[in-house]
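Here are some comments on the model, set out as numbered points. They deal with the cysteines, one helix and its ends, and the pocket.

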Amino acid sequence: MKVLGVDPGLTRCGVGVVDGVAGRPLTMAAVGVVRTPADVDVAHRLVLIERGIEQWLDEQRPDCVAVERVFSQHNVRTVMGTAQASAVAMLCAARRGLPVALHTPSEVKAAVTGSGRADKAQVGAMVTRLLRLDAPPKPADAADALALAICHIWRAPAVNRLQQAHAANRLQQASAAARARPAPVRRTPATAPGPRPGAPQKGTTR
């Protein structure tokens with residue numbers, strides 16, 4: 001499985017590609033950052049992000065895209081820009097028919113370091129070790145993108161099994177409901193009553 005991880009952001013959008021399967025050593029295919037100038041209006045910056053991600057998709061041809069799930073309770077202005085960049089990444093993937101997975105920061109940290117509260121330095125160190133790199137990728141957005149890809153590769157089999165289990169459960173429930181539903185009553189068409197005994201038949205006289 002080849003996964004493009006995207007750590008969304010307006011100024012720096014981290015991107016990293018990891019190849020491999022769960023339970024085996026993973027390989028980094030590429031890593032980098034899509035940058036946009038802060039003095040440009042947001043609409044144009046989103047266009048630049050789209051072009052950058054499209055170029056990565058063209059060159060790397062991943063099997064799926066993993067994007068950080070955006071949420072925040074504090075800095076609404078910052079999270080709006082991050083959410084917009086995230087939407088662009090999802091759009092680029094969906095336009096090509098690629099599956100898109102969303103992972104929260106705590107899910108990624110827990111998958112890579114074993115702790116959902118790990119800091120960026122710990123994430124970068126574990127990414128370096130897991131991918132057998134000489135040094136942590138810089139900036140931290142790039143390392144976070146690789147961590148997203150690693151997280152998805154490791155979580156995908158479990159997620160797929162869970163989805164299959166849910167689908168099988170829904171099918172069983174639908175089948176049980178169909179069996180429990182009472183069968184429709186078949187009505188036979190009413191027949192015309194026969195002639196009364198002693199009544200004259202058509203074409204006869206009394």
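1. A disulfide is taken here as a pair of cysteine sulfur atoms within 2.5 Å. In this predicted model, a search of the whole structure under that criterion returns zero disulfides.

2. The reason can be followed through two cysteines, Cys13 and Cys92. The cysteine sulfur closest to that of Cys13 belongs to Cys92 and lies 9.4 Å away, which is too far for a bond; taken from the other side, the closest cysteine sulfur to that of Cys92 is the one in Cys13, again at 9.4 Å. Cys13 counts as buried, with 0% relative accessibility, and Cys92 is likewise buried, its relative accessible area being 0%.

3. Helix α4 spans residues 120-130, and its buried residues are Val123, Gly124, Met126, Val127 and Thr128. At the N-terminal end of α4, Asp119 acts as a cap, with a side-chain oxygen placed 3.3 Å from the backbone nitrogen of Ala121. Just after the helix, Arg132 adopts a positive phi of about 55°.

4. The largest pocket holds about 730 Å³ of space. It is lined by 30 residues, of which Asp7, Pro8, Glu68, Thr78 and Thr82 are the closest to the centre of the pocket.

5. Helix α4 also takes part in this lining, since α2 (76-95), α3 (105-113), α4 and α5 (140-180) each contribute at least two residues to it. The largest share comes from α2, which provides seven residues. Sorted by class, the lining of the largest pocket comprises 12 nonpolar, eight polar and 10 charged residues.

Definitions and conventions
Residues are numbered from 1 along each chain as its sequence is written. This is a predicted model: local features need pLDDT of at least 70, side-chain atom pairs count only at pLDDT 80 or more; totals for chains, interfaces and linings use all residues. Side-chain values use heavy atoms; hydrogens and water are left out. Buried means under 20% relative accessible area, exposed over 50%, partly exposed in between (1.4 Å probe, protein chains only). Helices (H or I, at least four residues) and strands (E, at least two) are DSSP runs, numbered from the N terminus. A polar contact is a pair of N or O atoms within 3.5 Å; within protein, one must be able to donate a hydrogen and the other to accept it, and residues adjacent in sequence count only if both atoms are side-chain atoms. On a 1 Å grid over the protein atoms alone, a cavity is a set of points where a 1.4 Å probe fits but cannot get out, and a pocket is an open set with protein on both sides within 12 Å along at least five of seven lines; lining residues have an atom within 4 Å of a point. Grid points are joined across faces, edges and corners, and a volume is the space filled by probe spheres set on the points. Ala, Val, Leu, Ile, Met, Phe, Trp, Tyr, Cys and Pro count as nonpolar, Asp, Glu, Lys and Arg as charged, and the others, Gly among them, as polar.
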